Amino acid sequence: METVKTQVVHGGTLRYLKHDSAATGTLMTLSVFTPAGEGPFPVLIWLSGLTCTEDNFTTKAGAYKAAAEQGVIIVAPDTSPRGEGVADDPAYDLGQGAGFYVDAAQAPWAPHFRMETYVTDELIALIDAEFPTTKTRSIFGHSMGGHGALTLALRHPGLFKSVSAFAPISSPTRCPWGEKAFSAYLGDDRAEWARHDAALLIEGGAAAGRFDDILVDQGEADSFLVDQLKPELLVAAAKAAGQRLTLRMQPGYDHSYFFMASFVDDHVAFHATRLKA
């Protein structure tokens, strides 16, 4: 990976990086925060939401003070492949900036939109190879990235020690954002959609014996709460499966990074406890 620029923050080092990706066939960008010291450190991967790049979390979340205190690396990749020759759509909720953390199987998306493989295979291997990690990691994210964090953790046993989310798309098979993206990327087979639906995965026992708790924060003033996010489906799925899931409904908070910045320290601490256990 090539370092584009560095910043010192809370005694640690923040790097913006880029690399040629074998998974997506494109240049991919990301940021990596490492605490002060030689390490090794556990890793916390952040997945951002629709329209975002790695820069939204990096500049707005305010997570690095907690990461420095807890002694964890935070990795924030871009949300999709980008560039000339990469398929796109005029709408904000499909195409570049809207990878949904799945491997697309349909044209014109399939050649580059392989975000599940990118995160779970290529990115993790690169971080472990180039940074002083303990080879243990957790994952969290927001909105589309909350969907990604939940489904990647549930679909890849043993890869992540813990998972949490801010305002996740809880059940993409049952909301307009998910139905649109899954139709485009995965095709018409709803059974294939279900394999990337956090609520359905939890209900089917995918979290059993793996996560002592799943932390979800949701703003009560979020304009997407009722039609798109539907956290009650996660709660019902966890109850049906006997899985502990802590949903914290936060009065007055919306879908923005002001919401995430208000509670990100709690999530970093949640993961640090489990990463160091």
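The following exercises, each with a worked solution, concern a predicted model.

**Exercise 1. The covered side of helix α5**

Determine which residues of helix α5 are buried, and why they lie on the same side of the helix.

Solution.
Step 1. Helix α5 spans residues 176–186. Within α5, the buried residues are W177, G178, A181, F182, A184, Y185 and L186.
Step 2. These residues cover an arc of only 165° around the axis, so they are placed on the same side of α5.
Step 3. The packing partners of the buried residues of α5 are α4 (144–155), α6 (190–194) and α8 (225–229).
Step 4. Just after α5 comes G187, which takes a positive phi of about 95°.

**Exercise 2. The strand neighbours of β4**

Identify the strands to which β4 is joined by bridges, and state how many bridges join each of them to β4.

Solution.
Step 1. Strand β4 comprises residues 41–47. As for burial, seven of its seven residues are buried.
Step 2. Strand β6 (residues 133–142) runs parallel to β4 and is joined to β4 by six bridges. On this side of the pairing, L47 stands opposite G141 in β6.
Step 3. Strand β5 (residues 73–77) also runs parallel to β4, with three bridges between the two. Here V43 has I73 in β5 as its bridge partner.

**Exercise 3. Two aromatic pairs**

Classify the ring pairs W46–F166 and Y253–F263, and decide for each of the four residues whether it is buried or partly exposed.

Solution.
Step 1. A pair of aromatic rings is described by the distance of the centres and the angle of the planes. The whole structure contains 16 aromatic pairs.
Step 2. For W46 and F166, the centres are 6.0 Å apart and the planes make an angle of 55°; the pair is tilted. Planes over 60 degrees apart would count as edge-to-face.
Step 3. This pair links distant parts of the chain, since W46 belongs to strand β4 and F166 to strand β7 (residues 163–166), 120 residues apart.
Step 4. The relative accessibility of W46 is 1%, so W46 counts as buried. F166 is likewise buried, because its relative accessible area is 0%.
Step 5. For Y253 and F263, the distance from centre to centre is 5.0 Å and the angle between the planes is 70°, which makes an edge-to-face pair.
Step 6. Y253 lies in the loop between β9 (246–250) and α10 (257–275), whereas F263 lies in helix α10, 10 residues apart from Y253.
Step 7. Y253 counts as partly exposed because its relative accessibility is 28%. F263, at 12% relative accessibility, therefore counts as buried.
Step 8. Both pairs belong to a cluster in which ring pairs link F33, W46, F57, Y64, F140, F166, Y253, F259 and F263.

**Exercise 4. The surroundings of Q250**

Establish where Q250 lies, whether it is buried or exposed, and which residues it touches.

Solution.
Step 1. Q250 is part of strand β9.
Step 2. Buried means under 20% relative accessible area. Q250 has a relative accessibility of 12% and therefore counts as buried.
Step 3. Leaving aside residues up to four places away in sequence, Q250 touches D217, Q218, G219, E220, F259 and F263. Of these contacts, F259 and F263 are members of the aromatic cluster.

**Exercise 5. Charges over rings**

State which rings lie beneath the charged ends of K5 and R274.

Solution.
Step 1. The charged end of K5 is placed over the ring of Y16, at 4.7 Å from its centre.
Step 2. For R274, the ring is that of F270, and the charged end sits over it at 3.9 Å from the centre.

Note on methods. Residues numbered from 1 in each chain as written. Predicted model: local features only at pLDDT ≥ 70, side-chain atom pairs only at ≥ 80, totals over all residues. Heavy atoms only, no water. Buried < 20%, exposed > 50% of the residue type's maximum accessible area, 1.4 Å probe, protein only. Helix = DSSP H or I, 4+ residues; strand = E, 2+ residues; numbered from the N terminus. Arc of directions from axis to C-beta. Contact = heavy atoms within 4.5 Å. Phe/Tyr/Trp six-rings, centres within 6.5 Å; stacked < 30°, edge-to-face > 60°. Lys NZ or Arg CZ within 6 Å of the ring centre and 35° of its normal. Pairing = 2+ DSSP bridges.
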